[in-house]
Amino acid sequence: MRSTPTLKAVATVRDTWSPSSWRSFEALQQPDWGDDGRLEEAFARLKTLPPLVFAGEARQLQASLGKVAEGKAFLLQAGDCAESFHDFSAVAIRERLKILLQMAAVLTYGAALPVLKVGRIAGQFTKPRSSPWEDAPDGTQLPSFRGHMVHDDPPTFEARVPDPDRMVQGYHQSTATLNLVRAFTKGGFADLNQVHAWNQAFVASSSQGRRYEVMASEIERALAFMAACGVDVASTPQLHQVDVYTSHEGLLLPYEEGLTRRDSITGDWYDCSAHMLWIGERTRELDGAHVEFFSGVHNPIGVKLGPTTTPDQALELAERLNPERIPGRLTFVARMGAGRVQAALPALLRAVTDSGHPVVWACDPMHGNGFKTTSGRKTRDFDQIMLEIEEFFAACRSEGTWPGGVHLEYTGDDVTECLGGSEHISEEQLDTRYETLCDPRLNGRQSLDLAFRLAELMRRDTLS
Ligand code: PEP
Ligand code: CO
């Protein structure tokens with residue numbers, strides 16, 4: 001096994017860190033903002049704006065993730081692939097939140113553990129791309145779409161010109177989104193009886209209703225039992241309100257630096273654009289700007305790990321991002337693809353566990369399972385998504401590691417972007433309502449299908 005960096009080397013990294021130190025490293029996946037001074041103006045503006053989240057909330061999330069690392073809680077991190085500047089309404093936010101709460105209720109029962117709810121929301125406006133060019137519908141080549149915080153989505157050259165003011169617009173949309181999420185989650189919308197009633201309505205209308213009814217009626221009995229014991233859901237804050245945290249891929253470093261603030265209580269730096277940030281599969285180079293930036297902010301950090309990740313890379317990322325080995329600081333999100341988990345994941349799990357790093361292991365079953373249909377639609381198959389989750393659980397079990405969570409792309413809307421699920425969406429149906437700005441998302445019903453299946457898997461796991 002490789003030798004771990006000495007403490008001295010780690011201390012040197014920390015001494016030289018500042019919110020802008022990433023600027024002397026190579027930053028991948030950054031748009032060409034032009035050199036007319038507008039990037040500097042937008043950055044200066046971001047630096048004056050109030051933080052979106054508070055350091056104390058990020059610390060609270062980190063402590064809860066610490067429980068996940070210990071195997072005493074489960075992480076549900078889910079939301080849109082790319083949030084949109086156009087599709088921005090109270091109804092869209094409410095529907096997304098509703099599905100998140102429904103999934104969390106089912107998983108809480110399945111795992112018999114607290115489920116941490118972290119949205120890909122209020123800041124998920126940028127996309128890394130494997131190629132700088134994409135095919136326009138007319139067959140010509142266009143700059144790839146990188147998210148609404150960079151440029152607009154129509155397939156024209158004009159729309160794809162990066163505009164730094166969009167970072168400021170993204171900040172304002174995130175503020176409004178978070179405001180509504182806070183209001184809904186604290187104002188009664190998250191009441192457990194209500195969430196359960198929504199789940200019952202889903203079960204009643206699902207073609208898999210019989211299968212899911214077993215679990216739904218067990219939850220019903222558990223609620224009736226609590227009521228019989230005198231627990232009044234409406235007046236018990238834990239059953240009436242929930243904490244929903246925000247997260248996004250920390251891709252655009254001027255945006256992240258612009259919202260980084262020193263916490264007045266601890267003196268530590270926090271990236272106040274979200275509670276949790278993750279580094280994507282395409283920007284996790286050890287000597288790159290993203291790892292440098294996130295090594296110095298004190299939020300909980302995720303890193304996506306694809307099938308080519310080596311045990312040494314995982315260990316070095318853990319040392320670099322969490323030298324003090326704080327439980328909950330670092331989440332590794334494995335996105336291997338169904339059929340590739342067994343070959344790629346166990347060695348990583350083993351190396352990290354042997355090193356003693358308290359990492360949360362989560363499974364992103366979305367990004368390794370994309371493919372194009374014959375008609376050219378980007379899609380994912382529900383069965384492959386489920387299969388990767390099952391393989392992830394099996395790999396964790398065989399290595400004695402806690403399968404700590406899932407990371408999903410979904411929308412509350414009734415879109416047709418992923419194949420399968422209990423409604424059996426077929427290739428021909430994808431055109432009916434295909435709306436994503438980037439990757440195909442599970443629709444509301446497919447998300448609930450997944451939650452019920454995952455809850456069944458967790459129950460089998462705990463019982464065996
Ligand atoms: C994403 O989460 O949207 C994403 C692009 O993931 P990855 O970095 O794993 O490809
Ligand atoms: Co995506």
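Biologist: Which residues are around ligand 1?

Modeller: First, a caution: this is a predicted model. The residues around ligand 1 are Cys 81, Pro 128, Glu 249, Gly 280, Glu 281, Arg 282, Lys 304, Arg 335, Asp 364 and His 367.

Biologist: What makes a residue part of that group?

Modeller: Its C-beta atom must lie within 6 Å of the ligand.

Biologist: How do the residues of that shell divide by class?

Modeller: There are 2 nonpolar, 2 polar and 6 charged residues. Glycine counts as polar here.

Biologist: Take Glu 281 from that shell. Where is Glu 281 found?

Modeller: Glu 281 sits in the loop between strand 8 (276-279) and helix 10 (289-296).

Biologist: Why is Glu 281 called buried?

Modeller: The cut-off is 20 or more other C-beta atoms within 10 Å. Glu 281 has 21, so it is buried.

Biologist: What is Glu 281 in contact with, leaving aside neighbours within four places in sequence?

Modeller: Its contacts are Lys 304, Gly 306 and Arg 335. Contact means that the C-beta atoms lie within 7 Å. Lys 304 and Arg 335 also belong to the residues around ligand 1.

Biologist: How far apart are the C-alpha atoms of Glu 281 and Pro 128?

Modeller: They are separated by 8.9 Å, with their places 153 residues apart along the chain.

Biologist: Now the strands. What do they form when they run 1-2-5-8-9-10-11-14?

Modeller: They form a closed barrel of 8 strands with parallel pairing. From one strand to the next, the twist averages 25°.

Biologist: How do you know that strand 5 and strand 8 pair?

Modeller: Pairing needs at least two bridges. Strand 5 (residues 244-249) and strand 8 have 3, in the parallel sense. One partner of note is Leu 277 in strand 8, bridged to His 248.

Biologist: What about strand 11 and strand 14, at how many bridges do they join?

Modeller: They join at 2 bridges and run parallel. The cut-off is at least two, so they count as paired. Ala 362 has Gly 405 in strand 14 as its bridge partner.

Biologist: And how many bridges pair strand 1 with strand 14?

Modeller: Strand 1 (residues 74-79) and strand 14 pair over 5 bridges, again in the parallel sense. Gly 79 stands opposite Glu 409 in strand 14.

Biologist: Why is strand 14 described as largely enclosed by the rest of the structure?

Modeller: It has 5 residues, and 5 of the 5 are buried, so the description fits. Gly 405, His 407 and Glu 409 point one way, while Val 406 and Leu 408 point the other way.

Biologist: On to helix pairs. What describes two packed helices?

Modeller: The angle between their axes and the distance between the axes.

Biologist: Why are helix 2 and helix 5 called roughly parallel?

Modeller: Their axes cross at roughly 25° and come within 8 Å. Angles under 35 degrees count as roughly parallel. Helix 2 and helix 5 are therefore given that name. Arg 38, Ala 42, Arg 45 and Leu 46 of helix 2 make the contact with Asp 165, Met 167, Val 168 and Tyr 171 of helix 5. By class, this contact has 5 nonpolar, no polar and 3 charged residues.

Biologist: Why are helix 4 and helix 6 called roughly perpendicular?

Modeller: Here the axes cross at roughly 95° and come within 9 Å. The range for roughly perpendicular is 65 to 115 degrees. The name therefore fits helix 4 and helix 6. Among the residues in the contact are Leu 101 of helix 4 and Trp 198 of helix 6. The classes are 6 nonpolar, 3 polar and 1 charged.

Biologist: Ile 93 lies in helix 4 too. What makes Ile 93 count as buried?

Modeller: Ile 93 has 22 C-beta neighbours inside 10 Å. The cut-off is 20 or more, so the label holds. Leaving aside neighbours within four places in sequence, Ile 93 is in contact with Thr 177, Leu 180 and Val 181.

Biologist: Is Gln 29 buried or exposed?

Modeller: Gln 29 has 20 other C-beta atoms within 10 Å, so it is buried. That is right at the cut-off, which reads 20 or more. Gln 29 lies in the loop between helix 1 (7-16) and helix 2. Its phi is positive, about 65°, although it is not a glycine.

Biologist: And His 424, buried or exposed?

Modeller: His 424 has 10 C-beta neighbours inside 10 Å, so it counts as exposed. Exposed means 12 or fewer. Its phi is also positive, near 50°. His 424 belongs to the loop between strand 14 and helix 14 (444-463).

Definitions and conventions:
Residues are numbered from 1 along each chain as its sequence is written. Chains are lettered from A and ligands numbered from 1 in the order in which they are written. This is a predicted model: local features need pLDDT of at least 70, side-chain atom pairs count only at pLDDT 80 or more; totals for chains, interfaces and linings use all residues. Helices (H or I, at least four residues) and strands (E, at least two) are DSSP runs, numbered from the N terminus. Two residues are in contact if their C-beta atoms, placed from the backbone, lie within 7 Å. Axes are lines fitted to C-alpha atoms, for helices over the stretch in contact, and angles run from 0 to 180 degrees between N-to-C directions. Angles under 35 degrees count as roughly parallel, over 145 as roughly antiparallel, 65 to 115 as roughly perpendicular and the rest as oblique.
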